[in-house]
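Trainee: I should like to request a close look at one part of a model, followed by a connected account of what surrounds it.

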Amino acid sequence: MNIIDAADSTVHDYPGGSESLGPRVGISPAVLRNKVNPNNTTHHLTMVEADRLMRITEDKRILKALAHAHGYLLVKAPEECSTESDMSVLEHVTGLMVQQGRFAMEIHTALSDGGVSKEEMVRIDRAGREFMGEIVEIKQRLRGMVDE
């Protein structure tokens with residue numbers, strides 16, 4: 001998903017759409033609709049407005065799309081106040097195994113007909129990002145357990 005589609009989805013998937021979200025972010029509903037409309041070339045979200053949208057909606061698709069567009073993985077940092085435990089790490093290790101299985105399955109499915117289509121590559125990319133993201137998550141949790 002590109003950043004324009006992510007912004008459009010963020011607004012339109014919010015309960016009540018631009019009509020309820022616009023006033024909360026300080027933009028009239030009609031202007032907000034125009035700013036996120038993929039077919040509109042005259043109105044655009046500012047970075048500050050995009051940040052406000054993500055904060056209020058708690059929808060991070062814009063941020064994920066921006067990171068992906070520049071070749072980065074986006075992994076949410078653990079909460080400062082959370083204490084890591086062996087169980088929380090183990091949960092993520094098993095999650096890593098699930099993500100690895102999904103990644104391998106996408107590759108297997110794509111190669112089963114002797115080639116890889118663009119759509120299959122999109123699914124492989126997505127599964128790969130989720131797999132790598134889980135690795136980063138485990139590393140962050142382990143870092144939180146390091147004895148000082």
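Trainee: Is Glu-106 buried, partly exposed or exposed, and what is its relative accessibility? Please then examine helix H4 closely and place that helix in the context of the chain.

Mentor: This is a predicted model. With a relative accessibility of 25%, Glu-106 counts as partly exposed. The side chain of Glu-106 forms a salt bridge with that of Arg-123, at 3.4 Å from N to O. Distant parts of the chain are linked by this pair, since Glu-106 belongs to helix H6 (residues 86–111) and Arg-123 to helix H7 (residues 118–143), 17 residues apart. Arg-123, at 33% relative accessibility, likewise counts as partly exposed.

Before turning to H4, the overall setting should be given. The protein chain contains seven helices and zero strands, so the order of elements from the N terminus reads α-α-α-α-α-α-α. The radius of gyration is 19 Å, well over the 15 Å that the globule rule gives for 148 residues, and the chain is therefore more spread out than a compact globule. The C-alpha trace spans about 50 × 50 × 25 Å along its principal axes. Of the 148 residues, 31% are buried. Where contacts join residues at least 6 apart in sequence, 62% of them join residues at least 24 apart. The chain exposes about 9,900 Å², of which carbon and sulfur atoms supply 57%.

Helix H4 itself comprises residues 47–57, and its buried residues are Glu-49, Ala-50, Leu-53, Met-54 and Thr-57. These residues cover an arc of only 135° around the axis, which places them on the same side of H4. On the other side of the helix, Met-47, Val-48 and Arg-55 are exposed. The cover over the buried residues includes helix H1 (3–13), helix H2 (17–25), helix H3 (29–36) and helix H5 (61–69).

One of the buried residues of H4 carries a charged side chain that is paired. Glu-49 has a relative accessible area of 12%, below the 20% limit, and is therefore buried. Its side chain meets that of Lys-35 in a salt bridge, at 2.9 Å from N to O. Because Glu-49 lies in helix H4 and Lys-35 in helix H3, the pair ties together parts that are 14 residues apart in sequence. Lys-35 also counts as buried, at 17% relative accessibility.

Helix H3 has a further link of this kind, to helix H2. The side chains of Glu-19 and Arg-33 form a salt bridge, at 2.9 Å from N to O. Glu-19 lies in helix H2 and Arg-33 in helix H3, so this pair ties together parts that are 14 residues apart in sequence. Arg-33 is partly exposed, with a relative accessible area of 33%. Leaving aside neighbours within four places in sequence, Arg-33 is in contact with His-12, Ser-18 and Glu-19. The C-alpha atoms of Arg-33 and Ser-20, which are 13 residues apart along the chain, are separated by 11 Å.

The surface around the start of H4 also deserves attention. Met-47 joins Ile-3, Ile-4 and Leu-66 in a nonpolar surface patch of about 360 Å². Leu-66 is a residue of helix H5, and at 31% relative accessibility it counts as partly exposed.

At its other end, H4 is followed by Glu-58. This residue is in the loop between H4 and H5. Its phi is near 60°, a positive value in a residue other than glycine. Most residues other than glycine have a negative phi. At 66% relative accessibility, Glu-58 counts as exposed.

Asp-59, Asp-13 and Arg-61 are linked in a network of salt bridges. In total, the model has seven salt bridges. Side chains of opposite charge can pair when their charged atoms come close.

To summarise the part requested, H4 has a buried side that includes Glu-49 and Leu-53, and an opposite side on which Met-47, Val-48 and Arg-55 are exposed. Glu-49 is paired with Lys-35 in a salt bridge, and Glu-58, with its positive phi, follows the helix.

Note on methods
Residues are numbered from 1 along each chain as its sequence is written. This is a predicted model: local features need pLDDT of at least 70, side-chain atom pairs count only at pLDDT 80 or more; totals for chains, interfaces and linings use all residues. Side-chain values use heavy atoms; hydrogens and water are left out. Buried means under 20% relative accessible area, exposed over 50%, partly exposed in between (1.4 Å probe, protein chains only). Helices (H or I, at least four residues) and strands (E, at least two) are DSSP runs, numbered from the N terminus. The arc is that of the directions from the helix axis to the C-beta atoms. Contact means heavy atoms within 4.5 Å. Patches are made of residues with over 30% relative accessible area and no salt bridge: like charges are joined within 9 Å, nonpolar side chains (Val, Leu, Ile, Met, Phe, Trp, Tyr) within 5 Å. Accessible areas come from the Shrake-Rupley method with a 1.4 Å probe; for residues, only the protein chains shown count as cover. A salt bridge is a side-chain nitrogen of Lys or Arg within 4 Å of a carboxyl oxygen of Asp or Glu. The radius of gyration is taken over C-alpha atoms; the globule rule is 2.2 Å times the number of residues to the power 0.38.
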